[in-house]
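Please walk through this protein chain with me, beginning with its strands and moving on to its aromatic rings, its nonpolar cores and its charged pairs.

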Amino acid sequence: MDETSARHALPFILPGQAQKELFHNEALAVIDAALHATVEGTPLSTPPASPQSGQCWLVASGAAGAWAGEDNNLASWTSGGWRFIRPVEGMAVWDRVAQLDRRWTGGEWSHGEISAASVTIGGAQVLGSRQPAVTSPSGGTTIDTEARAALHSLVVALRTHGLIE
């Protein structure tokens with residue numbers, strides 16, 4: 001049997017293990033940091049001087065000090081010191097400073113990006129897949145006719161994108 005969980009390396013309690021509460025409490029500390037994680041802004045390469053218990057940071061590449069070798073991990077300060085969580089594909093954290101989501105994908109933390117096949121509000125799709133660009137008006141001798149054609153193309157594109165009915 002493995003000694004830790006596959007995704008977040010949470011320690012398992014093993015048969016005959018002494019001081020089971022230490023392993024259980026360690027797992028709870030990691031779960032507490034990883035579950036709906038909130039980070040204190042952009043990734044840092046060195047630990048903050050006065051962290052508060054429960055605060056988390058993203059560790060930048062080339063980290064030093066207590067964070068050396070923990071590049072890209074989530075660092076959580078606890079009463080027992082630093083706990084590090086290796087991100088898994090799709091893991092999301094809330095950036096408290098920027099007020100944006102960050103997501104671990106493709107080996108890096110995104111910042112404020114949302115990936116979706118469509119956006120639905122109140123049961124109605126308002127955004128779908130990207131359509132071809134609307135061509136800019138050109139030529140014509142009567143401004144009114146050219147303007148109407150351009151506006152019509154714009155309205156058709158907005159309807160196609162699902163932004164208007």
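A residue is called buried here when its relative accessible area is under 20%. The model is a predicted one, and in it strand β4, which covers residues 81–85, is mostly hidden by that criterion, since four of its five residues are buried. Strand β4 runs antiparallel to strand β3 (residues 74–78), and five bridges join the two. Together β3 and β4 make a hairpin, with two residues between them. Within this hairpin, Trp 77 has Trp 82 of β4 as its bridge partner.

Elsewhere in the chain there is an open sheet of four strands, whose order is β1-β5-β6-β7 and whose pairing is mixed. Its edges are formed by β1 and by β7 (108–109), each of which pairs on one side only. Strands β5 and β6 pair in the antiparallel sense, over four bridges, and Val 93 stands opposite Arg 102 in β6. In general, strands of a sheet pair through backbone hydrogen bonds, and the pairing may be either parallel or antiparallel.

The aromatic rings lead back to the hairpin. The structure holds four aromatic pairs, and one of them is formed by Trp 57 and Trp 82, which meet edge-to-face with 5.9 Å from centre to centre and 70° between the planes. This pair links distant parts of the chain, as Trp 57 belongs to strand β2 and Trp 82 to strand β4, 25 residues apart; both Trp 57 and Trp 82 are buried. Trp 67 also pairs with Trp 82: the ring centres are 5.2 Å apart and the planes stand at 80°, so this pair too is edge-to-face. Because Trp 67 lies in the loop between β2 and β3 whereas Trp 82 is in strand β4, the pair ties together parts that are 15 residues apart in sequence. Trp 67 is buried, as is Trp 82. Taken together, Trp 57, Trp 67, Trp 77 and Trp 82 form one aromatic cluster.

The nonpolar cores come next. The largest has 16 residues, of which Val 39, Leu 74, Ile 85, Met 91, Val 93 and Trp 109 touch the most other members. Helix α1 (20–34) and strand β2 each supply at least two residues of this core, and α1 gives the most, with four residues. What does Ile 85 contact beyond its neighbours within four places in sequence? Its partners are His 8, Val 30, Ala 33, Ala 34, Asn 73, Leu 74 and Met 91. Apart from this core lies another, of six residues, among them Trp 57, Val 59, Trp 67 and Ala 75.

It remains to consider the charged side chains. Side chains of opposite charge can pair when their charged atoms come close, and the count of salt bridges in this model comes to two. In one of them the side chains of Glu 40 and Arg 96 meet, at 3.1 Å from N to O. This pair links distant parts of the chain, with Glu 40 in the loop between β1 (38–39) and β2 (56–58) and Arg 96 in the loop between β5 (92–95) and β6 (100–105), 56 residues apart. Arg 96 has a relative accessibility of 44%, so it counts as partly exposed. Asp 95 forms a salt bridge with Arg 102, where the closest N and O atoms are 3.0 Å apart. Asp 95 is buried, with a relative accessible area of 1%, and Arg 102 is buried as well, with a value of 5%.

Methods: Residues numbered from 1 in each chain as written. Heavy atoms only, no water. Salt bridge = Lys/Arg side-chain N within 4 Å of Asp/Glu carboxyl O. Buried < 20%, exposed > 50% of the residue type's maximum accessible area, 1.4 Å probe, protein only. Pairing = 2+ DSSP bridges. Phe/Tyr/Trp six-rings, centres within 6.5 Å; stacked < 30°, edge-to-face > 60°. Core = buried A, V, L, I, M, F, W, Y, C linked by side-chain atoms within 4.5 Å. Contact = heavy atoms within 4.5 Å.
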